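Work through the exercises below with the sequence and the coordinates at hand, and try each task before reading its solution.

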Amino acid sequence: MLTFTIRRLLMAIPTLLFISLVIFLLVDFAPGSPMSQIPLTVPPEVRLKIIEAMGANDPLFVRYLLWLKQFFWVEPLVLFDTLFGTSHAHGMQRIVSWQSRSPVMDIIWQRLPQTLSVVGSAYVIGVLIALPIGIYSAYRQYSWFDQLGTFIAMIGFSVPTFFTGVVLILVFSVNLGWFPSIYDTSLRVTDWESFLKQVKQMAMPVAVLALYNAAQISRYMRSSMLDNLAQDYVRTARAKGMAERVVVLKHVLRNSLIPVVTVIALGIPTIFGGAIITEQVFKVNGLGALLINAIHGSDLPMVQTLTFIFAVLIVMFNLIADVLYGMLDPRIRYD
Amino acid sequence: MKLKTALLGAAATLAFAPAAFAERGADGNVKVLYSQAVSIMNAYLSSGTKDVEVGSLVLEPLAGFDNEGNVIPRLVTEIPSVENGGISEDLTTITWKLTPGLLWSDGTPVTAADAVFSYEYCTHPEGGCAQAARYEGIEKVEAVDELTVKITWTAPKPNPFTAFVGATSPILQAAQFANCLGTAAPTCTEQNFKPVGTGPFMVTDFKVNDVVELAANPNYRDAAKPAFATMTVKGGGDAAGAARAVMETGEFDYAWNTQINPELQSQMEAGGKGVFVSAFGTLVERIEMNLTNPSPDLPEGERSTAKHPHPFLSDIRVRQALSKAIDRNLLVEVGYGNAGRATCNLVPAPALYASPNTDCIEQDMEGAKALLDEAGWTVGANGIREKDGKPLKILYQTSVNAVRQDFQALVKGWWNELGVDVELKSIDGGVYFGGDPGSPDTFQKFYADVEMYANNFDGTDPEPYLAQYLCDKAPKPENGWQGENVNRFCDPAYDAMVAELATTRDMDKRGEIAIRLNEMLTKDSYVIVPLVDRGRLSAHSNTLGGVVLNTWDSELWNASDWFRIK
């Protein structure tokens with residue numbers, strides 16, 4: 001197992017380098033220019049100066065190598081410095097956003113908490129809802145509960161979040177006035193009252209995202225349960241006279257969870273990716289909003305860094321899912 | 001509506017009275033929503049309106065513009081003029097006198113050296129200052145004494161209110177930005193996010209592209225202001241969401257640029273929690289005619305250049321007919337409602353420079369048809385006009401934007417009625433306005449017959465704006481397709497008159513010349529076909545008093561006067 005993990009980690013290095021190059025080229029060749037953000041009232045000579053000062057006019061490979069150096073050398077050094085109070089990275093050029101002229105990594109750290117709290121808790125809640133629904137739906141296949149579960153999953157799948165989000169705002173913010181329609185990122189949870197406020201402002205975006213996540217995972221859970229319920233060992237267990245409870249929750253559920261755990265693990269990177277649309281609708285301003293904003297503004301360093309971090313997370317969680325699989329399923333051994 | 005406005009006005013005046021006795025910070029927190037989030041507080045490093053405006057709460061220029069476009073003092077005792085000796089007789093120098101006793105928010109005195117530093121900061125060759133145009137034509141800026149700033153121009157400057165006037169050219173604190181000159185400018189994150197200023201507020205917390213928390217400046221020059229102790233400027237979302245937060249849920253007090261369609265506007269007004277306010281500046285949505293041939297059959301580098309005149313748009317009768325066929329009032333009704341008005345002018349304001357011409361407002365389909373007949377374009381088979389066997393076919397491009405696509409569809413309908421075949425094209429704004437010389441789709445390259453966009457000018461003086469239409473300012477391969485004379489308009493008489501404007505000092509005379517220049521581009525030649533004078537539409541809650549919308553300066557120009565209506 002250990003050698004497998006190490007081998008996979010080593011293989012990830014060329015993969016990630018290749019991904020970074022592809023992302024860089026894609027982002028660079030995409031149409032659009034930071035110039036489009038400069039109003040027409042600014043004369044052409046001044047525009048040119050602004051672009052030059054950003055370094056956007058340098059040749060492609062110069063910018064790519066610079067970015068590599070900044071991402072793999074300068075930024076880790078800066079992180080080391082802030083952790084241990086040293087100053088190795090002093091005077092080094094960090095990855096700087098073209099929009100705000102500030103270090104990209106600082107902005108990402110600033111955005112991470114709201115994304116993790118909103119999108120993360122939506123994921124956890126989604127999973128917690130999905131598992132029981134999936135289990136019971138499969139156990140009582142074609143019952144009214146199963147039909148209802150299928151219906152809700154269908155809604156969660158097919159109704160886009162920009163629609164459910166706005167509907168929730170209209171009902172619960174505009175008409176009933178229960179929840180705020182705009183997320184307050186400067187709210188600090190210090191006491192009971194501010195905690196309640198935090199729960200209130202998280203309620204709607206979390207509900208929208210949890211519905212979507214639950215829809216997906218409950219379907220996986222259901223079909224995996226169905227597969228296992230039809231297996232011979234289930235009949236054997238029943239024949240041995242085991243309680244139905246034990247059969248379903250011990251034998252079937254454990255086996256059915258194996259593929260579902262993989263799906264859940266593979267879904268975790270999307271938490272960090274944020275929820276572009278939902279964040280925009282509720283103005284959560286997490287990583288998703290950061291990314292879409294940067295794309296609109298043709299802020300290449302920001303888009304490049306964010307997408308690359310997502311790529312790293314996806315590669316990492318793929319590995320984690322594989323390792324988990326090996327641990328959960330005795331039939332799979334990597335050595 | 002009139003009555004409602006009058007009543008609101010009366011209510012506002014009444015509400016103003018108690019405000020006079022208010023004290024600083026008495027009204028708690030005010031929440032402002034910008035649908036485009038703020039990226040930086042330093043106007044010199046961003047040309048984005050949102051950044052400049054929110055930055056103006058902290059950083060102030062020596063003087064600003066009021067809602068009528070007049071220059072008003074901010075950090076100075078009076079506005080210099082030739083009469084009071086502040087401007088020299090030959091118009092080559094202007095001298096500003098700082099108000100004695102002014103303090104930065106950190107308690108240190110504001111001096112003339114800060115203004116000199118701000119000039120050096122923005123004109124540094126490697127700084128990439130976004131507002132460099134504000135300081136064009138300056139020979140030197142010097143601090144005559146602690147409180148006197150003297151600007152010397154390289155040539156007589158009829159409009160000296162560019163440097164240090166308006167939110168786009170604020171004064172930075174020399175002490176804070178001393179190490180941020182040139183290439184170091186972008187690395188000064190702390191300074192750019194939390195500048196020390198003289199404005200009514202100062203930054204307490206800055207989250208990039210998200211939220212800015214501000215608190216009343218304890219050293220603000222008016223001891224009774226601002227009425228609010230803190231201000232929150234949240235960013236993100238879209239115009240409709242921003243309007244909703246003020247008009248329907250009442251979560252925010254002020255929403256910036258809530259440009260939504262008229263139907264949604266009236267729906268939201270029914271929410272009853274706020275009001276929309278609008279004001280007009282110089283932003284004009286227009287159709288530009290290409291006087292050169294954009295045909296893809298021409299070799300690259302000659303397409304859309306002066307080498308090949310346009311096959312039919314070079315005929316004024318065709319251009320005029322296309323203009324006549326448009327019902328501008330309907331466009332306003334569909335796209336902008338109260339926040340727009342039909343116009344025939346490229347320079348719609350200030351009054352001094354605005355031509356009284358309204359000849360294009362009335363749609364005249366018959367007249368348009370007659371003009372095309374006269375020009376020899378006869379209706380052929382399938383209803384398309386043709387001449388010498390060539391059909392009258394137009395490629396009409398603009399950026400992707402809901403209102404613009406509505407406009408395209410309407411205009412296409414009218415032009416079809418004339419017997420003109422119209423092909424529509426919409427290009428992503430990032431590309432269209434991106435100015436990339438390698439892309440065929442930029443508005444400067446203009447590989448189409450007509451195109452639509454909006455433009456305006458900074459401040460109140462249209463001279464640089466009109467000077468963009470000089471013959472040699474046409475975008476072409478030799479200058480990397482830069483410039484805004486996208487029509488490739490070229491008229492020696494126009495060029496001569498722009499030169500005359502540059503040396504004319506008398507204001508009335510300047511107005512006359514500017515009006516002539518505007519008319520030469522519009523009603524004399526129909527090279528530019530103005531459609532809509534687009535106002536600014538913002539929303540504020542019923543409990544926020546003192547809001548006066550200003551299109552000549554930062555929209556938050558008088559945030560120090562805002563107060564809570566109780």
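**Exercise 1.** Determine which residue is joined to C180(B) by a disulfide, and work out the handedness of the link.

*Solution.* In this predicted model, the partner is C188(B), and the distance from S to S is 2.0 Å. The next step is the torsion about the S-S bond, which is -100 degrees and makes the link of C180(B) and C188(B) left-handed. Turning to accessibility, C180(B) has a relative value of 0% and therefore counts as buried, and C188(B), at 8%, counts as buried too.

**Exercise 2.** For the disulfide of C122(B) and C129(B), find the S to S distance and explain the handedness.

*Solution.* The disulfide that joins C122(B) to C129(B) has an S to S distance of 1.9 Å. Because the torsion about this S-S bond is about -75 degrees, the disulfide is left-handed. C122(B) counts as buried at 2% relative accessibility, and C129(B) is likewise buried, with a relative accessible area of 4%.

**Exercise 3.** Establish where C471(B) and C490(B) lie, and which parts their disulfide ties together.

*Solution.* The sulfur atoms of C471(B) and C490(B) are 1.7 Å apart and form a disulfide. Both C471(B) and C490(B) lie in the loop between helix 13 (463–466) and helix 14 (492–503) of chain B, so the pair ties together parts that are 19 residues apart in sequence. The torsion of -80 degrees about the S-S bond makes this link left-handed. C471(B) counts as partly exposed at 25% relative accessibility, as does C490(B) at 46%.

Technical notes. Residues numbered from 1 in each chain as written. Chains lettered and ligands numbered in written order. Predicted model: local features only at pLDDT ≥ 70, side-chain atom pairs only at ≥ 80, totals over all residues. Heavy atoms only, no water. Disulfide = S-S within 2.5 Å. Buried < 20%, exposed > 50% of the residue type's maximum accessible area, 1.4 Å probe, protein only. Helix = DSSP H or I, 4+ residues; strand = E, 2+ residues; numbered from the N terminus.
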